[in-house]
Amino acid sequence: AIPVSIQSKTDPKATVVLLGQDPLRKYKDIDETKVPDYAFIGTPYSIHHTAGLPSATRVYPKLIDCLLADGYNVYLTDVKKYYPSSKKITQEDMDLLVEELNCLEGKRILILSGHRAKEFYENNKNQLSGVRDIPLPHLSGFGPSSEWKKLAKSAKHDAKIEYVRKQINKI
């Protein structure tokens, strides 16, 4: 997936990095025997095609809109830039992401949504300069909704977004 940077229209308070896990890995419309002959290019959270998002993942464009309105730049990226047959995060994946995140200027707030994002951060936080982190359950609801109900009192999108905004404003 190609990283995406969206700039606030005001003087930004910081850059909020939404760190995903990996690109989509199911290609229903493609004959899987031919997949090696194709290159699929997309964006983290399929932000290039929000109209086609399933309801569970529509939380991302809503959150991005709120963060921009709050005066933050938003940077979207994945731990893995491609989806190979192995889901394992390699040292090459980690090195590339550390370099990518260290290229961002100013204050950076890293939203860790999902186990791969958290694993990356735990293994590399000493190499990331000036980054604050907010570990969260998976925003789209993959995994137990009980985690969100404990944090945000609800697993609904608006409650998740409000919780994330409060956590960011504490930093």
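Helices here are DSSP runs of H or I with at least four residues, and strands are runs of E with at least two, each numbered from the N terminus. With that in hand, the chain of this predicted model reads β-β-α-β-α-β-α-β-α-α from start to end. That pattern holds five helices and five strands. Here is a friendly tour, starting with the whole protein and ending with a few single residues.

**The protein as a whole**
- The protein has 171 residues, and 44% of them are buried.
- Taking contacts between residues at least 6 apart in sequence, 68% join residues at least 24 apart.
- About 9800 Å² of the protein is exposed, with carbon and sulfur atoms supplying 52% of that area.

**The nonpolar cores**
- The largest nonpolar core has 25 residues, and the members that touch the most others are Val 16, Leu 18, Ile 111, Val 164 and Ile 168.
- At least two residues of this core come from each of strand 2, helix 1, strand 3, strand 4, strand 5 (131-136), helix 4 (145-152) and helix 5.
- Val 16 gives a good view of the packing: beyond its neighbours within four places in sequence, Val 16 contacts Leu 67, Tyr 72, Asn 73, Val 74, Tyr 75, Ile 109, Ile 111 and Ile 168.
- Another core, of 17 residues, lies apart from the largest one, and its members include Val 17, Tyr 75, Tyr 121 and Leu 128.

**Helix 1 and its cover**
- Helix 1 spans residues 59-69, where Val 59, Tyr 60, Pro 61, Leu 63, Ile 64 and Leu 67 are buried.
- An α-helix has 3.6 residues a turn, so residues three or four places apart point the same way.
- The cover over the buried residues of helix 1 includes strand 1 (4-6), strand 2 (15-20), strand 3 (73-78), strand 4 (108-113) and helix 5 (157-170).
- After helix 1 comes Gly 71, which has a positive phi, near 95°.

**Where helix 2 meets helix 3**
- Helix 2 (residues 91-103) and helix 3 (residues 115-124) have axes that come within 11 Å and cross at roughly 80°.
- Angles from 65 to 115 degrees count as roughly perpendicular, so helix 2 is roughly perpendicular to helix 3.
- Helix 2 brings Met 94, Leu 97, Val 98 and Leu 101 to the contact, while helix 3 brings Phe 120, Asn 123 and Asn 124.
- By type, the residues of this contact are five nonpolar, two polar and no charged.
- Gln 91 also belongs to helix 2, and its C-alpha atom is 9.8 Å from that of Phe 120, 29 residues away along the chain.
- Is Gln 91 buried or partly exposed? Gln 91 is partly exposed, because its relative accessible area is 46% and the buried class ends under 20%.

**Two buried residues to look up**
- Ala 117 sits in helix 3 and counts as buried, with 0% relative accessibility.
- Outside its neighbours within four places in sequence, Ala 117 is in contact with Leu 19, Gly 20, Gln 21, Val 79 and Leu 112.
- Ala 117 and Asp 78 are 39 residues apart in sequence, with 8.1 Å between their C-alpha atoms.
- Trp 148 is part of helix 4 and is buried, at a relative accessible area of 1%.
- Setting aside neighbours within four places in sequence, the contacts of Trp 148 are Leu 136, Pro 137, His 138, Leu 139, Lys 153, Ser 154, Ala 155, Lys 160, Tyr 163 and Val 164.
- One of these, Pro 137, is 11 residues from Trp 148 along the chain, and their C-alpha atoms are 6.8 Å apart.

Definitions and conventions. Residues are numbered from 1 along each chain as its sequence is written. This is a predicted model: local features need pLDDT of at least 70, side-chain atom pairs count only at pLDDT 80 or more; totals for chains, interfaces and linings use all residues. Side-chain values use heavy atoms; hydrogens and water are left out. Axes are lines fitted to C-alpha atoms, for helices over the stretch in contact, and angles run from 0 to 180 degrees between N-to-C directions. Angles under 35 degrees count as roughly parallel, over 145 as roughly antiparallel, 65 to 115 as roughly perpendicular and the rest as oblique. Contact means heavy atoms within 4.5 Å. Ala, Val, Leu, Ile, Met, Phe, Trp, Tyr, Cys and Pro count as nonpolar, Asp, Glu, Lys and Arg as charged, and the others, Gly among them, as polar. Buried means under 20% relative accessible area, exposed over 50%, partly exposed in between (1.4 Å probe, protein chains only). Accessible areas come from the Shrake-Rupley method with a 1.4 Å probe; for residues, only the protein chains shown count as cover. A nonpolar core is a set of buried Ala, Val, Leu, Ile, Met, Phe, Trp, Tyr and Cys residues joined through side-chain atoms within 4.5 Å.
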